[in-house]
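User: I should like a close look at a single part of this protein: how its strands are paired, and which side-chain contacts accompany that pairing. Please set the part in the context of the whole chain.

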Amino acid sequence: MRYRAVVALGALGLGAGVAHAQSNEDLAKKLSNPIASLISVPLQFNYDHGYGPDDGDKATLNIQPVIPFAINEDWNVISRTILPVTWQNDIAGPSGTQFGLGDTTQSFFFSPSKPTESGIIWGAGPAFLIPTATDEFLGTGKWGAGPTAVALKQEGPWTVGMLGNHIWSFAGQSDRPDVSSTFLQPFIAYTTKDAWTFSLNTESTYDWETNDWSVPINFTVAKLFTIDKQPISLMAGIRYWADAPDNGPSGLGFRVALTFLFPK
């Protein structure tokens, strides 16, 4: 079976809109909003196993800066970048070990500065696939683009929402498979008064070229705290692969993350 690189089309980034007087509880809750207006730098590490016939391993550090820009009093644009740094071994049979950069996913969300009357926070814009991979096994070799959108509501300690995008390839290496992938991420989070957040989501991708689903179910626990006036979030959790292609991962994986927040 020919190996087909899996493109990360957009896992939920951690962002927050803050003021100096906000409590850790407020900040922790706003971390569940991927399009809030705060500069943040999440470093997210993922490990998965069971790739291909040799049960290959894959470890990825996603560098995910979130940078908001105010267009005017009514609108913001939020830049969300996902740059993976990956180590993997035998993920396509006896394919050896690779280490380096994967493809970058760059999204821009145009979002109203205030929620709707019903409390809905939303944003939409373009997403781009940039072939930054340093090895053919780490990326698609394709340039891509498509729409992305997110909508959520926060009420009391709860955050419920959905993020999604679709990427089509339009240029790149002609001998590599085309990209046509839909990413769907429903999420729910509960934040306590002492700034613990319990989250459940899926990061499902449907590959329209191969007609395959990849469906990891993630449960994570995060704690927000402050060190010398620097807000930091630590997160850890597990994932179960409910569905994956024949050469995809299986069983359980895990995730840990460290996020630095930079209030204005």
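Analyst: The account below begins with the whole chain, turns to the paired strands and their salt bridges, and ends with the nonpolar cores.

The model is predicted, so local features need pLDDT of at least 70 and side-chain atom pairs count only at pLDDT 80 or more, while totals for chains, interfaces and linings use all residues. Residues are numbered from 1 along each chain as its sequence is written, and side-chain values use heavy atoms, with hydrogens and water left out.

The secondary structure of the protein consists of one helix and 15 strands (DSSP runs numbered from the N terminus: H or I of at least four residues, E of at least two). Of its 264 residues, 50% are buried (under 20% relative accessible area; exposed is over 50%, partly exposed in between; 1.4 Å probe, protein chains only). The C-alpha trace spans about 55 × 35 × 30 Å along its principal axes. Among contacts (heavy atoms within 4.5 Å) with a separation of 6 or more, 57% involve residues 24 or more positions apart.

The part in question centres on strand 13, which comprises residues 212–227. Strand 13 pairs with strand 11 (DSSP finds at least two bridges between paired strands) in the antiparallel sense, over seven bridges. Within strand 13, I217 stands opposite T202. Strand 12 also runs antiparallel to strand 13, joined to it by three bridges, and here T205 stands opposite S214. Strands 12 and 13 form a hairpin, with four residues between them. In that turn, N211 has a positive phi of about 60°.

Strand 14 is a further antiparallel partner of strand 13, and 13 bridges join the two. In this pairing, A222 has M235 in strand 14 as its bridge partner. Strands 13 and 14 likewise form a hairpin, here with two residues between them. D228 lies in the turn and has a positive phi of about 50°.

Side-chain pairs link this part to other segments of the chain. There are four salt bridges in the count (side-chain nitrogen of Lys or Arg within 4 Å of a carboxyl oxygen of Asp or Glu). One of them joins D48 and R239, with an N to O distance of 2.8 Å. Because D48 belongs to strand 1 (residues 39–51) and R239 to strand 14 (residues 230–243), this salt bridge ties together parts that are 191 residues apart in sequence. Both ends are enclosed: D48 is buried at 7% relative accessibility, and R239 is buried at 4%.

Another salt bridge is that of R255 and E203, whose closest N and O atoms are 2.9 Å apart. R255 lies in strand 15 (residues 252–262), whereas E203 lies in the loop between strand 11 (196–202) and strand 12 (204–207), so the pair ties together parts that are 52 residues apart in sequence. R255 and E203 are both buried.

Elsewhere in the chain, E155 and K153 form a salt bridge at 3.9 Å, N to O. Here E155 is exposed, with 54% relative accessibility, and K153 is partly exposed, with 33%. K153 is also among the residues in contact with V160, as are A151, L152, F187 and I188, neighbours within four places in sequence being left aside. V160 belongs to strand 9 (residues 158–172) and is partly exposed at 45% relative accessibility. The C-alpha atoms of V160 and T134 are 37 Å apart, although 26 residues separate the two in sequence.

The remaining subject is the nonpolar interior. The largest nonpolar core (buried Ala, Val, Leu, Ile, Met, Phe, Trp, Tyr and Cys joined through side-chain atoms within 4.5 Å) has ten residues, namely I35, V66, I78, F109, I121, V150, L152, L163, F183 and F187. Strand 8 (142–155) and strand 10 (180–191) each contribute at least two of these residues. F109 touches several of its fellow core members, including I35, I78, V150 and L163. Outside the core list, F109 also touches residues such as N76, R80 and T148. A second, separate core has seven residues, among them L27, A28, L38 and A195. In soluble globular proteins, nonpolar side chains tend to be buried together.
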